[in-house]
Amino acid sequence: MKEFKTENIKSRQDMADVMLEILEPLKKYYSSEKSWLKLGDTSAHYPDTAAWMEGFSRPLWGLGAYWGGGSSDKEWEEIYIKGLTSGSNPKSEQYWGDCVPYDQMLVEMAAISFTILFAGDKILGQMNEEEKKHLFAWLSQINVNPCHSCNWRFFHVLVNVALKKAGVEYDANGMEESLKFLEDCYVGEGWYLDGINGQADYYVPFGMHFYGIIYSMFMKDVDPERCKRFVDRAMEFGKDYTYWFAEDGSGLPYGRSLTYRFAQASFFSACVMAHIEPIPLGEMKGIILRHMEYWFNKPIFDHDDVLTIGYAYPNLYMAESYNAPGSPYWSMKLFTCLTLPEDDPFWSARPLPLRKMEEIKVFPTAKMIMQRTDDGHSVSFPSGLHIGHVHTHMEEKYSKFAYSTKYGFSVMHGPYSFSEAAPDSVLSFWLDGQIFVRRTIEKCEIKDGKVISDWSPFMGINVHTEIIPEKGGHRRVHTIDSQYDMVAYDSGFAVPIGDKSCTAKCLIGDGDEMVLRADPNTNLLHSKTDIPTVKYKISKGTNVIETRIVY
């Protein structure tokens, strides 16, 4: 992709041209009947045919918005009309197949439903009655196959909204049941959890709020009170969510599904689409455009200009088992603002810088503290992992002491050496030839500006940790009750090799300051890193150590 500059986006057409440039390289990879899009040979846990259907569906988050805003593109329309008709026809050789409970294709129905809602005339208007009947019947399988009890329930809702708006049979009772479940995931102050016992992560903005906003646009006449709640919650959340973005446009690398990359700013695009302003329009435009500039100048595309699995560079180490080659195109949700016509005020609005933010901001409902650094970056201090090991690298994605837009975080290759473990922003213990870190927490609270947690990395070791954000860094005070004599390593952020912008200092305890060299490709932002660390001697009994991380 050519170099991207924020100032080059002056109109809706400029934004559309970027979207089309991203999608253009995909055209040669569609199957003969266009219903599958195979972009690589790596696998996800679901069948390959479902992965190919996923590849087909996800570009519709951008194309559906493009068509919904009044644009036409004959070649793309032909691809998707043919793909939708052949994929949903049981007699087609490239039929997507019948769904089963918790099928990945239930997820991918959401982008098709989005397209029906915003560009139904463009799509359905070019199908005959039998073709439409096949498509609606295929989508209706979501009403007899359960979705996971998390943001997936919104897919059930969106499909039924699309069926209702198309004037065909839909599951009103089932949709109401899903909506009640989703409202039970709301925990206050604009925040949801991804499932009643889930985590506060990117599925709050690009999942729960994003779909709730779409629902509010199409159902406000029949479900006004709930739609108002969805809008009010988005208004409240948007003010908090600005803290997840740095001055350079980067979003906070934290949690799962980070290979969706620029979907991080899609919440603001959805707000723009629905004329919701949790912050002024110019500020939202500034976040969106700077975010695009940050991502589109990273090596996230392969030699054929196809999006890769990874984060700031191609990286399968950090991926989840549900990341197939087409998965990164979930990021096309950023382009939902293209539903707006050319004369909408958004396109002429001047992109504004981020508002002035508090240096330390406590989000008690989300169970985290956010910090703004002098160089315009964000650091998050979450309370830890509240659920068990569900997806790949859950511990690294939720349980570190701090996450940063500037430094990212690292994932473990293996537990048998510090280079392969890459233990950044954690207190790690070397015991019996293995490295143990914080996994789930036993208890946590945010009190007096501190993130406090009790946890155990291994039987016979109990840790009470207090994280204290302060100007220029943060302090960690650990009280360790141990049944063993051993060593522990308290580490700061991983930095590019030779970079001295982050240091770890011993304040209390028998500690030696050092630098650990991590294995390549462990960090999400930088492929080769060092980790500033303090090595502590831990004795049987109670030990108190204190480390200051400076950045």
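**A tour in five stops**

Select β3 and strand β4 (residues 368-372): the two pair in the antiparallel sense over 4 bridges. This is a predicted model, so keep that in mind as you go.

**Stop 1: the sheet**

Stay with β3 and find F363, which stands opposite M368 in β4. Now widen the selection to the open sheet of 4 strands, in the order β3-β4-β5-β6. The pairing is antiparallel. Which are the edge strands? They are β3 (360-363) and β6 (403-404), and each pairs on one side only. Strands of a sheet pair through backbone hydrogen bonds.

**Stop 2: a buried arginine**

Go to helix α12 (residues 281-296) and pick R290. R290 is buried, yet has no salt bridge. What is the nearest side chain of opposite charge, and how far away is it? It is E247, 5.5 Å away. A salt bridge needs the nitrogen and oxygen within 4 Å, so this pair does not count. Show the residues that R290 touches: among them are T6, D248, G249 and P353.

**Stop 3: salt bridges around α10**

Side chains of opposite charge can pair when their charged atoms come close. The model has 31 salt bridges. Select E176 and R226, whose closest N and O atoms are 2.9 Å apart. E176 sits in helix α8 (residues 172-184) and R226 in helix α10 (residues 224-241), so the pair ties together parts that are 50 residues apart in sequence. Is each one buried or exposed? E176 is partly exposed, at 29% relative accessible area. R226 is buried, at 7%. Add E183, D223, R229 and R233 to your selection: with E176 and R226 they are linked in a network of salt bridges.

Stay in helix α10 for K228 and D232, which meet in a salt bridge at 2.7 Å, N to O. The two are 4 residues apart, which means about one helical turn separates them. K228 is exposed, with a relative accessible area of 53%. D232 is partly exposed, at 37%.

**Stop 4: a link from loop to helix**

Select R439 and E395, a salt bridge with its closest N and O atoms 3.7 Å apart. R439 is in the loop between β8 (434-436) and β9 (443-447), while E395 is in helix α14 (residues 394-398). The pair links distant parts of the chain, 44 residues apart. R439 is partly exposed, at 46%, whereas E395 is buried, at 12%.

**Stop 5: a nonpolar patch**

Finish on the surface with L507, I508 and V544. Together this nonpolar patch has about 230 Å² of accessible area. L507 lies in strand β15 (residues 503-508). L507 is partly exposed, with a relative accessible area of 43%.

Technical notes: Residues numbered from 1 in each chain as written. Predicted model: local features only at pLDDT ≥ 70, side-chain atom pairs only at ≥ 80, totals over all residues. Heavy atoms only, no water. Pairing = 2+ DSSP bridges. Buried < 20%, exposed > 50% of the residue type's maximum accessible area, 1.4 Å probe, protein only. Lys, Arg positive; Asp, Glu negative; His and termini not counted. Contact = heavy atoms within 4.5 Å. Patch = residues over 30% accessible without salt bridge, like charges linked within 9 Å, V, L, I, M, F, W, Y side chains within 5 Å. Areas by Shrake-Rupley, 256 points an atom, 1.4 Å probe, with all protein chains shown as cover. Lists of a residue's contacts leave out its neighbours within four places in sequence.
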